[in-house]
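Dear colleague,

I am passing on to you the structure below, together with notes on what turned up when I went through it. Please read the notes with the coordinates open beside them.

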Amino acid sequence: MKRIRSKIKSEIADEQYGSIEGKGTTNAIYTLRTLIQRAIEVQKDVYLSFINYTKAFDRVRHNEIMKDLTQIKIDGKDLRVIKNIYWEQTAAMRVEGETSTYQKIKRGVRQGCVLSPDLFSLYSEFIVRNIERLRGIHIGGHIINNLKYADDIVLIAENTKDLQRLLDIVREESQKRGLELNSKKTEIMVVSRKETPPNINIYIKDTKLQQRDQFKYLGALISSDGRDTTEISPRIAQSKAMFKRMKNILTNPQLSIEIRRWNSSKKENNM
């Protein structure tokens with residue numbers, strides 16, 4: 001795993017935050033918020049598309065994974081190990097006591113396998129590589145047009161035309177690899193401080209995507225006005241409610257600080 005991961009890691013773009021050492025959801029959320037704030041500071045609108053795949057992890061094609069691993073020069077022995085783990089899987093169906101013939105499973109990453117996150121990251125990386133040079137938001141001399149956390153992808157643009165172009169290419173490249181964008185759950189947003197925010201039309205084929213004023217991204221609420229008020233206020237309310245529940249422990253002078261700390265953390269973990 002370490003040998004394979006070291007080679008995969010060098011292929012993964014900085015915009016990927018899922019299953020990457022030293023990165024996590026907080027980094028992805030921070031990056032998106034910072035990007036939005038910087039754009040608003042220079043009075044630019046930010047056009048976002050939050051992509052949702054239909055059963056992404058179940059539709060990964062094994063033959064495409066092998067091509068990707070071969071392309072980044074994974075050792076032949078390691079390729080055989082992965083092939084034995086993935087490509088030699090078989091499954092059968094049992095209905096009313098009768099078992100069907102066993103068939104090979106030719107797609108999907110294995111749930112619980114320690115290699116699955118890395119393999120999927122590489123798989124999705126080859127999907128978005130064709131948009132690397134397309135227009136996005138300019139921050140600190142860099143062009144950023146996407147952020148990724150495993151199968152959660154955000155496309156970022158400065159106008160409707162660029163966003164539609166990004167989405168079209170990602171859809172086409174995804175289809176080549178067996179992944180389908182869910183047009184009902186893929187949503188768009190324009191972050192703007194204008195009195196009347198832009199109302200845009202973005203499509204997946206002939207399906208118009210729904211434009212949102214708010215979107216829950218990796219657990220954090222992103223608002224179309226670019227402000228954090230809608231996210232901060234509920235968190236303050238949750239903290240107050242939690243303190244109220246544990247007040248009799250936290251303010252009990254007969255208990256030592258260590259006991260109060262232990263009890264409060266135990267209650268929090270059990271919620």
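I begin with Arg177, which is buried, its relative accessible area of 9% falling under the 20% cut-off. Please keep in mind throughout that this is a predicted model. Arg177 sits in the loop that runs between helix 6 (160-176) and strand 10 (187-191), and its side chain makes a polar contact, at 2.7 Å, with the side chain of Asp68. Once neighbours within four places in sequence are set aside, the residues in contact with Arg177 are Arg59, Arg61, Glu64, Asp68, Tyr123, Phe126 and Ile127.

As for the overall picture, the protein has 271 residues, of which 42% count as buried, and its secondary structure comes to 8 helices and 15 strands. The C-alpha atoms fill a box of roughly 65 × 55 × 45 Å along the principal axes. Among contacts with a separation of 6 or more, 66% are made by residues 24 or more positions apart. The accessible surface is about 16,600 Å², and carbon and sulfur atoms account for 48% of that area. The protein carries 49 positive and 34 negative charges, whose mean positions are 4 Å apart.

Turning to the interior, the largest nonpolar core holds 44 residues, and within this core Tyr53, Leu69 and Leu155 touch the most other members. Two or more residues are given to this core by each of several elements, including helix 1 (2-9), strand 1 (46-51), helix 3 (62-71), helix 4 (76-86) and strand 9 (152-157), while the largest share, 7 residues, comes from helix 5. Leu155, leaving out residues up to four places away in sequence, touches a set of residues that includes Tyr47, Leu48, Ile51, Ile131, Leu163, Leu166, Leu167 and Val170, and also Ser49, Asn145 and Asn146. Apart from the largest core lies another one, of 23 residues, among them Phe50, Ile137, Val191 and Phe215. In soluble globular proteins, nonpolar side chains tend to be buried together.

Finally, two backbone details may merit a look in your viewer. Lys55, in the loop between strand 1 and helix 3, has a positive phi near 50° although this residue is not a glycine, and Lys55 is exposed, with a relative accessible area of 57%. Leu218, in the loop between strand 14 (214-217) and strand 15 (220-223), likewise has a positive phi, of about 55°, without being a glycine, and Leu218 is partly exposed, with a relative accessible area of 23%.

With best regards

Definitions and conventions: Residues numbered from 1 in each chain as written. Predicted model: local features only at pLDDT ≥ 70, side-chain atom pairs only at ≥ 80, totals over all residues. Heavy atoms only, no water. Helix = DSSP H or I, 4+ residues; strand = E, 2+ residues; numbered from the N terminus. Buried < 20%, exposed > 50% of the residue type's maximum accessible area, 1.4 Å probe, protein only. Contact = heavy atoms within 4.5 Å. Areas by Shrake-Rupley, 256 points an atom, 1.4 Å probe, with all protein chains shown as cover. Lys, Arg positive; Asp, Glu negative; His and termini not counted. Charge placed at Lys NZ, Arg CZ, Asp CG, Glu CD. Polar contact = N/O pair within 3.5 Å; in protein donor to acceptor, adjacent residues only side chain to side chain. Core = buried A, V, L, I, M, F, W, Y, C linked by side-chain atoms within 4.5 Å.
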